[in-house]
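Thank you all for making time this morning. I would like to take you through some side-chain contacts, and then through the elements around them.

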Amino acid sequence: LPKIIADFATEQEDAHSYLRAQPSERVHESIASQQFDIGFAETPNKSELYVTKDFSLPTMIALPDGHELSFHRVLTPKNLDNVPFATFLPEHELTIQLRSAFEGLDAKLNIPFFLQNAAAQYSIVENGHAVGFMSLLSVWLYQENWERRSRKKIIFRPFSPRIYQNISLITPRHRHLPQIGQLFSAKLEKSVNSILNKTKSQFQLDELEELN
């Protein structure tokens with residue numbers, strides 16, 4: 001978001017931005033109470049108080065570079081049986097779905113690291129303490145930082161069965177969105193779609209979907 005805001009400020013010199021990072025539930029509440037023009041968070045329940053544009057992000061396994069499982073094109077619970085994991089907090093929807101995937105294939109899910117978000121997993125994975133579990137957007141964010149490093153330390157592989165993180169661009173239904181807000185919303189939507197299409201293509205996720 002800061003990069004998108006910076007680009008937008010270059011295009012729209014009169015734009016003023018107020019960016020606040022909050023848990024998804026607080027973002028939903030802030031938009032529902034018509035306090036902000038645009039929210040970007042995990043997909044909320046349907047409501048008459050806001051409108052959403054939804055994105056489904058495939059999840060990936062993050063491996064330290066050189067990990068013995070890196071020769072696999074796709075990783076499954078059987079491959080990852082008892083492998084130490086870093087993932088989200090126990091009540092997070094992605095962790096719940098991950099547990100279900102392992103239980104469905106009678107594999108042991110070993111989680112020594114429950115963390116608040118995907119960014120907190122990066123150092124754990126880089127240092128070889130665990131493999132990570134995150135969405136395609138978090139993969140892209142890490143790869144963007146590779147450009148500032150001497151070499152990449154994490155590699156990524158698709159996970160099967162496919163688990164999705166659902167996120168949304170959220171706008172209030174009963175608060176008129178000014179034209180500049182509409183322009184920013186459109187730019188954000190276009191940027192997210194571009195990121196997802198680029199990263200899906202990198203890992204050939206659409207081709208893998210067709211094979212399944």
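Let me begin with a working definition: a salt bridge here is a side-chain nitrogen of Lys or Arg within 4 Å of a carboxyl oxygen of Asp or Glu. Please keep in mind throughout that this is a predicted model. With that rule, the count comes to 5 salt bridges, and I will discuss some of them.

One of them joins the side chains of Glu11 and Lys187, with 3.0 Å from N to O. Since Glu11 lies in helix α1 and Lys187 in helix α6, the pair ties together parts that are 176 residues apart in sequence. Is Lys187 buried or exposed? Its relative accessible area is 18%, and because buried means under 20%, Lys187 counts as buried.

Those two helices are also joined by aromatic rings. The structure holds 7 aromatic pairs, and in one of them the ring centres of Phe8 and Phe184 lie 5.2 Å apart with the planes at 75°, so this pair is edge-to-face. Phe8 belongs to helix α1, residues 2–11, and Phe184 to helix α6, residues 179–202, so here too the pair ties together parts that are 176 residues apart in sequence. Phe8 is buried, at a relative accessible area of 5%, and Phe184 is buried as well, at 14%.

A further aromatic pair, Phe102 with Phe159, is stacked, at 6.5 Å centre to centre and 10° between the planes. Phe102 sits in helix α3, residues 93–104, while Phe159 sits in the loop between β6 and β7, so the pair ties together parts that are 57 residues apart in sequence. Phe102 is buried, with a relative accessible area of 1%, and Phe159, at 1% relative accessibility, also counts as buried. Ring pairs link these two with Phe85 and Phe133 into a cluster.

Phe133 brings us to strand β5, where both faces are covered: Val131, Phe133 and Ser135 are buried on one side, and Gly132 and Met134 are buried on the other. What are the pairing partners of this strand? Strand β2, residues 50–64, pairs with β5 in the antiparallel sense over 4 bridges, and within that pairing the bridge partner of Thr59 is Ser135. Strand β3, residues 84–88, pairs with β5 in the parallel sense over 2 bridges, and Phe85, which we met in the ring cluster, stands opposite Val131 in β5.

Strand β2 also takes part in a salt bridge, in which the side chains of Lys53 and Glu189 meet at 3.0 Å, N to O. Lys53 lies in strand β2 and Glu189 in helix α6, so the pair ties together parts that are 136 residues apart in sequence. Lys53 counts as partly exposed, at 39% relative accessibility, and Glu189 is partly exposed too, with a relative accessible area of 23%.

Finally, helix α2, residues 24–32, has Ser24, Val27, His28, Ser30, Ile31 and Ala32 among its buried residues, and what covers them includes β1, β2 and β7. Within this helix, the side chains of Arg26 and Glu29 meet in a salt bridge at 3.9 Å, N to O, and the two residues are 3 apart, about one turn of the helix. Arg26 counts as partly exposed, at 43% relative accessibility, and Glu29 is partly exposed, at 48%. After α2 comes Gln34, whose phi is positive, near 65°.

Definitions and conventions
Residues are numbered from 1 along each chain as its sequence is written. This is a predicted model: local features need pLDDT of at least 70, side-chain atom pairs count only at pLDDT 80 or more; totals for chains, interfaces and linings use all residues. Side-chain values use heavy atoms; hydrogens and water are left out. Rings of Phe, Tyr and Trp (its six-membered ring) pair if their centres lie within 6.5 Å; planes under 30 degrees apart count as stacked, over 60 as edge-to-face and the rest as tilted. Buried means under 20% relative accessible area, exposed over 50%, partly exposed in between (1.4 Å probe, protein chains only). Two strands pair if DSSP finds at least two bridges between them. Contact means heavy atoms within 4.5 Å.
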